[in-house]
Amino acid sequence: GVAIRDTKTHIGELWSDRPGAPADKIVEHPEKYAGEHTQSKIERVRKKMVEYGANQAFFSKLDEIAWLLNIRSCDVDFTPLVTAYVLVKEREVILFANEKRMTAELKSALQESGVSVLDYDQTSTILSKETLGQKVLIDSSSINYAAFNGITGEVKSAISPIIEFKSIKNKVEIANIKDAMIRDGVALTNFFFWLENHLKENNN
């Protein structure tokens, strides 16, 4: 058989010119664009936890975390994502991220929704304490080994409920998508108009 042995990673020691951690501000994605308050989304996740026989849920996919907590940044090129993990408990939510990067408005909004912010680099250590004796819902197709290894409770593996939630757009999201498509169409039309005229000029 194959055995997996957890050992210290040496990548950090070898990768001498490794880029630093993201430092851009993490901001709130306003409800006027999201169409749903963070607390409402959290409660929907908690209902799914009950359905799966869990009392906690751990999320590691950045797009799901951005959707769940209505947060945005630019940690990944060309996408408004935040480097983070999230643990949803029955009465509390823990966001593992760099709090120093957060705006005052975001900190206030997260606190209002019962979200505590803890150090991203301590995710595995904190997980081992928070999940001890608990039933934790995870999506095994996306969780990394370090985070999985930090979970000390009983694991309940299933497709992330946020995938379904994200796929069904609310009225505000639909309206914003239509608006974005109009703006994109205008930009493309302007470009095509410029390109055709530019080609004509070069051919004359």
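This is a dialogue about reading helices, cores, cavities and single residues in a predicted model.

Trainee: Before anything else, which side of helix H5 is buried, and what lies on the other side?

Mentor: Keep in mind that this is a predicted model. As for the general idea, an α-helix has 3.6 residues a turn, so residues three or four places apart point the same way. In H5, which spans residues 104-112, the buried positions are Leu106, Ala109 and Leu110. They cover an arc of only 100° around the axis, which puts them on the same side of H5. On the other side of this helix, Ala104, Gln111 and Glu112 are exposed.

Trainee: What covers the buried residues of H5?

Mentor: The cover includes helix H4 (62-69) together with strands E1 (27-28), E3 (71-72), E5 (93-96) and E6 (115-118). Just after H5, Gly114 takes a positive phi of about 75°.

Trainee: Where is Thr103 found, and which residues does it touch beyond those up to four places away in sequence?

Mentor: Thr103 sits in the loop between E5 and H5. Buried means under 20% relative accessible area, and Thr103, at 17%, therefore counts as buried. Once residues up to four places away in sequence are set aside, Thr103 touches Lys25, Ile26 and Val27.

Trainee: How should I read helix H6, and which of its residues are buried?

Mentor: The reasoning is the one used for H5. In H6, residues 123-130, the buried residues are Thr123, Ile126 and Leu127. Seen down the axis of H6, these residues fall within an arc of 105°, so they line one face of the helix. They pack against strands E2, E4, E5 and E6, and also against helix H7 (145-150).

Trainee: Which residues touch the most other members of the largest nonpolar core, and which elements supply it?

Mentor: A nonpolar core is read as a set of buried nonpolar residues joined through their side chains. The largest one here has 28 residues, and Leu68, Val88 and Leu95 are those that touch the most other members. At least two residues of this core come from each of H3, strand E2 (56-59), H4, strand E4 (85-88), E5, H5, E6 and helix H8 (161-167). The largest share, four residues, comes from H4.

Trainee: What does Leu95 touch, leaving out residues up to four places away in sequence?

Mentor: With those left out, the residues that Leu95 touches include Ile65, Leu69 and Ile71, then Ala84, Tyr85 and Val86, and further along Met102, Leu110, Val115 and Val117. Apart from the largest core lies another, of 12 residues, among them Phe96, Leu127, Ile138 and Ala147.

Trainee: How many cavities of 30 Å³ or more are there, and what lines the largest cavity?

Mentor: A cavity is space that a probe fits into but cannot leave, whereas a pocket is open. The count comes to one cavity of 30 Å³ or more, and about 50 Å³ of space lies in the largest cavity. Its lining includes Phe58, Phe59, Ser60, Lys61 and Glu64, as well as Ile138, Asp139 and Ser160. By class, that lining has four nonpolar, three polar and three charged residues.

Trainee: And which residues lie nearest the centre of the second largest pocket?

Mentor: The second largest pocket holds about 370 Å³ of space. Of the 16 residues that line this pocket, His29, Tyr33, Arg72, Lys169 and Glu173 lie nearest its centre. Helix H2 (31-34), H4 and helix H9 (171-203) are the elements that give two or more residues to the lining. The lining divides into seven nonpolar, three polar and six charged residues.

Trainee: Which residues have a positive phi although they are not glycines, and are they buried or exposed?

Mentor: Asn70 is one of them, with a positive phi of about 55°, and this residue lies in the loop between H4 and E3. At 4% relative accessibility, Asn70 counts as buried. Phe78, with a positive phi of about 65°, lies in the loop between E3 and E4. At 87% relative accessibility, Phe78 counts as exposed.

Trainee: Lastly, where does Gln39 lie, and what is it in contact with beyond its neighbours within four places in sequence?

Mentor: Gln39 lies in helix H3, residues 38-51, and is partly exposed, with a relative accessible area of 25%. Leaving aside those neighbours, Gln39 is in contact with Arg46, Ser113 and Gly114. Gly114 is the residue just after H5 that takes a positive phi.

Definitions and conventions: Residues numbered from 1 in each chain as written. Predicted model: local features only at pLDDT ≥ 70, side-chain atom pairs only at ≥ 80, totals over all residues. Heavy atoms only, no water. Buried < 20%, exposed > 50% of the residue type's maximum accessible area, 1.4 Å probe, protein only. Arc of directions from axis to C-beta. Contact = heavy atoms within 4.5 Å. 1 Å grid on protein atoms, 1.4 Å probe; cavity = no way out; pocket = protein on both sides within 12 Å on 5 of 7 lines; lining within 4 Å. Points joined across faces, edges and corners; volume = space filled by probe spheres on them. Nonpolar A, V, L, I, M, F, W, Y, C, P; charged D, E, K, R; others polar. Core = buried A, V, L, I, M, F, W, Y, C linked by side-chain atoms within 4.5 Å.
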